[in-house]
Amino acid sequence: MRLALSASLAEHPGIGPKERRHAAASARAVARWLRVVDAALVRAGAPKAIPADRALLRYLAWRVAVEGCAPDEAAHDLRLPGPRRPRVISDADVLRVARALPRPGPDGPLATDAEGKALSPPSDPVVALALRGSVPDAFARRLLRDLGPDGARACLAALNRDARLVLRVNVARAGREEVRAALAAAGIAAEPGDGPWSLRVEDRASLFDAPPLRTGLAEVQDESSQRAVELCRARPGERWLDLCAGSGGKSLALAALGAEVTAWDASARRLSELDRRAHHARAEVLVVREEPTGAFDGVLVDAPCSGSGALAREPDARWRIDDAAVTKFQKAQADVLARGAERVRAGGALVFATCSVFQEEGEEVVLAFLAANPAFRMVAEERRWPHLDAGAGFYMARLARRAGRASPRGRTRLTGHGAAR
Ligand SMILES: C[S@@+](CC[C@H](N)C(=O)[O-])C[C@H]1O[C@@H](n2cnc3c(N)ncnc32)[C@H](O)[C@@H]1O
C-alpha cells in the first residue's frame, strides 16, 4: 500500500503538503477498517459502484461509520464542482448512503444503526470480534484462543491505532539526552522510551529535516525492534550475523553497539538499501550478496512473518493473513532458524524474533527447534503485546549453543562488495 500511495501522490504534484498527509492518513485508515467499511456499506444499501465510486464510498463509510463524522458533513465534503465528474454516483446518492450508514459507539464501530438502534453482533464470537476489529476470522480466532475475549479486544484496539513514532539514538555517535536537546532546538518534543536508546517523538512533517535525523544521529525504529537488538546483548568486537537483515534496521543497531556485523537477506532489493543507510549512520556493516558460511559469536534471525504484531504500522498486512499464510511463515521461520543455528559458534548466541502476535510464529517455532536441537538451550524468551508493551507485538527468544558441542567449522567465507562505511 505504501508504494501504491507514494506512486499515486507522485502523479499529482499539485497537491499541497496538508492534503498529502490527509490522503495518506485516510488511505491507511480505510485499508485498516476495510471489513467494517464494507459491512457498513452493505447495511446502508450502497449501490454497486465502479471502482472510483467504490473508493469514494469507502472513504465516506470510514468517516461516518468509524470516525463518527456527521453524515451530511461527510457527504458535503465529497461534492464535486463543475459538470465533469470522474465518477458516476450522484451527490444525492452519496448523501443518501451517508445518512443510512451505521454509527460507532464508545467501544468502536458498528454500534448502532442510522436511527441509533443498537446493532447486535454476529452470534459467533470469532466473527463478532473479527468484524468489529476489522480483521480476517483467522486472525481473531488466534487472539481469542491466546488472550480470551477482553485481551483479544484490547490487543486489536491497540493494533488498530496509529503507531507511535520512535527513534533509536545512534549510540556510537551520540547520547540520548544530546539528541533530545538537538530535537528540542529544532522544535520537536521527545521523551525517553522504555529501551536505553529510544526516544518517542511527535509525528511532525519537519522531523526528518531535524539535524539528528539528517546527520544520522538517530533513525526511526520501533521500540520492540530495539528490544530484540537489546536481547542480543552484543558486545564490542563480537562478530554478529544478521541473517534476515532486510534494509538493515537491526544491523545498524548492532553495529552501533560496537559489534562487527555481517548482513545478509534473501531479498537483494531490501539489502541494497543497507549500504546507503550505513553510510548515513557512519556505521560499518559488511553487506554480503551470498549467504555467509563459518561461525559467528551471535546470529540474529529476524524472521519473515505475517506482521500480525505490526498492523499499527502496516495496516493492510492483515488482509494477507489466513491459515495457509501462517503455516507458510511457520515453515519459513523453522528453516531460517535452523540455518542461523548452523552459523553459531560453541557457546555463542542465537536470537530469534518475529513481529507476530501468533504463537505459531513464535513459541511453537522455538519449542520445535529446541526439541530437535539439543545443542541449544533457551536463555531468555519475551512476548511483547501491543496493548501491554510499547511498540509492535513481537516474540523474541535468546538461545545459546552449548559450549563444547559440535559447532560450524572453518573460517567465515564472505562474498560481497565489502564493508559499507
Ligand atoms: C522481518 S523482515 C527483517 C527486517 C530487518 N531485520 C530490519 O530490522 O529491518 C524479514 C526479512 O527476512 C527476509 N527473508 C525471507 N526469507 C528469507 C530467507 N530464507 N533467508 C533470509 N532472509 C529471508 C525478507 O526478505 C525480509 O527482509
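Two residues are taken to be in contact if their C-beta atoms, placed from the backbone, lie within 7 Å. The structure is a predicted model, in which local features need pLDDT of at least 70, side-chain atom pairs count only at pLDDT 80 or more, and totals for chains, interfaces and linings use all residues. Residues are numbered from 1 along each chain as its sequence is written.

**Helix H14 and its residues**

Helices (H or I, at least four residues) and strands (E, at least two) are DSSP runs, numbered from the N terminus. Ala341 lies in helix H14. Not counting residues up to four places away in sequence, Ala341 touches Leu350, Asn373 and Phe376. Its C-alpha atom is separated by 9.6 Å from that of Phe369, 28 residues apart along the chain.

Burial is counted from C-beta atoms placed from the backbone: a residue is buried if 20 or more other C-beta atoms lie within 10 Å of its own, exposed if 12 or fewer, and partly exposed in between. Ala341 is buried, because 22 other C-beta atoms lie within 10 Å. Gly340, also found in helix H14, is buried with 25 other C-beta atoms within 10 Å. With neighbours within four places in sequence left aside, the contacts of Gly340 are Leu243, Val299, Val301 and Leu350.

Ala325 is found in helix H14 and counts as partly exposed, because it has 15 C-beta neighbours inside 10 Å. Beyond the neighbours within four places in sequence, Ala325 is in contact with Ser306 and Arg320.

The table gives C-alpha separations for these residues.

| Residue | Partner | Residues apart along the chain | C-alpha separation |
|---|---|---|---|
| Gly340 | Ala295 | 45 residues | 10.0 Å |
| Ala341 | Phe369 | 28 residues | 9.6 Å |
| Ala325 | Ser306 | 19 residues | 7.3 Å |

**Helix packing**

Helix axes are lines fitted to C-alpha atoms over the stretch in contact, and angles run from 0 to 180 degrees between N-to-C directions. Angles under 35 degrees count as roughly parallel, over 145 as roughly antiparallel, 65 to 115 as roughly perpendicular and the rest as oblique.

The axes of helix H14 (residues 323-341) and helix H15 (residues 363-372) come within 10 Å and cross at roughly 45°. H14 and H15 are therefore oblique to each other. On the H14 side the contact is made by Gln330, Gln333, Ala334, Leu337 and Ala338, and on the H15 side by Glu364, Val365, Ala368 and Phe369. Residue classes are assigned as follows: Ala, Val, Leu, Ile, Met, Phe, Trp, Tyr, Cys and Pro count as nonpolar, Asp, Glu, Lys and Arg as charged, and the others, Gly among them, as polar. The contact of H14 with H15 divides into six nonpolar, two polar and one charged residues.

Helix H2 (residues 17-32) packs against helix H4 (residues 51-66) at an angle of about 85°, with the axes 10 Å apart. The two helices, H2 and H4, are therefore roughly perpendicular to each other. Ser26, Ala29 and Val30 of H2 meet Arg58, Tyr59 and Trp62 of H4. Four nonpolar, one polar and one charged residues make up the contact of H2 with H4.

For helix H7 (residues 125-133) and H8, the axes come within 9 Å and cross at roughly 75°. H7 and H8 are therefore roughly perpendicular to each other. The H7 residues are Pro125, Val126, Val127, Leu129, Ala130 and Gly133, which meet Asp137, Phe139, Ala140, Arg141, Leu144, Pro149, Ala152, Arg153 and Leu156 in H8. By class, the contact of H7 with H8 has eleven nonpolar, one polar and three charged residues.

**Nonpolar cores**

A nonpolar core is a set of buried Ala, Val, Leu, Ile, Met, Phe, Trp, Tyr and Cys residues joined through C-beta atoms within 7 Å. The largest such core has 72 residues, and those with the most contacts inside it are Val285, Val351 and Phe352. Helix H8 (residues 137-159) contributes the largest share of this core, eight residues. Another core, of 26 residues, lies apart from the largest one and includes Ala31, Val37, Ala39 and Leu101. Outside its neighbours within four places in sequence, Phe352 is in contact with Val301, Ala303, Leu337, Val366, Met396 and Ala397.

**Positive phi angles**

Leu110 is not a glycine, yet has a positive phi of about 60°. Leu110 is found in strand E2 (residues 108-112) and counts as buried, with 23 C-beta neighbours inside 10 Å. Arg233, likewise a residue other than glycine, has a positive phi near 50°. Arg233 lies in the loop between helix H11 (223-232) and strand E7 (239-242) and counts as partly exposed, with 14 C-beta neighbours inside 10 Å.
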